[in-house]
Amino acid sequence: MNTVEIIEKYELAKRLKFCKRQVELMVNAGVIPAIKLGRAVRFDYHEVIEAIKNHPDIEGALREKREEMEKRYAENKARRETTTTPAR
C-alpha cells in the first residue's frame, strides 16, 4: 500500500538537507515531480525519493539547467545594456 505524504518546499529541502533553491532547480530541471496548485508548489515525499533514486544523472540535469539559466541571464543583461532609456 502506497502512502501519500504531501509536503511543502521548505519541508522537502529540510528532509533532503538541501536549500530551497536546490529544490527549485530540481523541479525546473525535471528531476523531481511537483504538484502545482495555483502559485503554491507541493511535493509527494515518496514520489520525490523514488524519482531521485531512479534518475540516471541528477548532477548533469542540474548543471544543464544552471547553464541554461546563466545564458538567459547574460542575454537579458546584454539586452538591458543595449537598450537606451529616455531622459527624464
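Two rings of Phe, Tyr or Trp count as a pair here if their centres lie within 6.5 Å. With that cut-off in hand, let's walk through this model, which is a predicted one. A search of the whole structure turns up zero aromatic pairs.

One ring does have a charged partner, though. Look at Tyr45: Arg15 lies over its face, 4.6 Å from the ring centre.

Now for the empty space. Rolling a probe the size of a water molecule over the atoms shows where such space is left. In this model the largest pocket holds about 160 Å³. Who lines it? Going along the chain, you meet Glu8, Lys9, Tyr10, Lys20, Glu24, Val27, Asn28, Lys36, Val41, Arg42 and Phe43. Three elements, α1 (9-16), α2 (20-28) and β3 (40-44), each supply at least two residues of that lining. The largest share comes from α2, with four residues. Sorted by class, the lining of the largest pocket has six charged residues, four nonpolar ones and one polar one.

Asn28 from that lining leads us on to another residue, since Asn28 is among the contacts of Lys65. You'll find Lys65 in helix α4, which runs over residues 58-82. Is this lysine, Lys65, buried or exposed? Its relative accessible area is 15%, and the cut-off for buried is under 20%, so Lys65 counts as buried. Leaving out residues up to four places away in sequence, Lys65 touches Leu25, Asn28, Ala29 and Arg72.

Note on methods
Residues are numbered from 1 along each chain as its sequence is written. This is a predicted model: local features need pLDDT of at least 70, side-chain atom pairs count only at pLDDT 80 or more; totals for chains, interfaces and linings use all residues. Side-chain values use heavy atoms; hydrogens and water are left out. On a 1 Å grid over the protein atoms alone, a cavity is a set of points where a 1.4 Å probe fits but cannot get out, and a pocket is an open set with protein on both sides within 12 Å along at least five of seven lines; lining residues have an atom within 4 Å of a point. Grid points are joined across faces, edges and corners, and a volume is the space filled by probe spheres set on the points. Ala, Val, Leu, Ile, Met, Phe, Trp, Tyr, Cys and Pro count as nonpolar, Asp, Glu, Lys and Arg as charged, and the others, Gly among them, as polar. Rings of Phe, Tyr and Trp (its six-membered ring) pair if their centres lie within 6.5 Å; planes under 30 degrees apart count as stacked, over 60 as edge-to-face and the rest as tilted. A charge sits over a ring if NZ of Lys or CZ of Arg is within 6 Å of the ring centre and within 35 degrees of the ring normal. Buried means under 20% relative accessible area, exposed over 50%, partly exposed in between (1.4 Å probe, protein chains only). Contact means heavy atoms within 4.5 Å.
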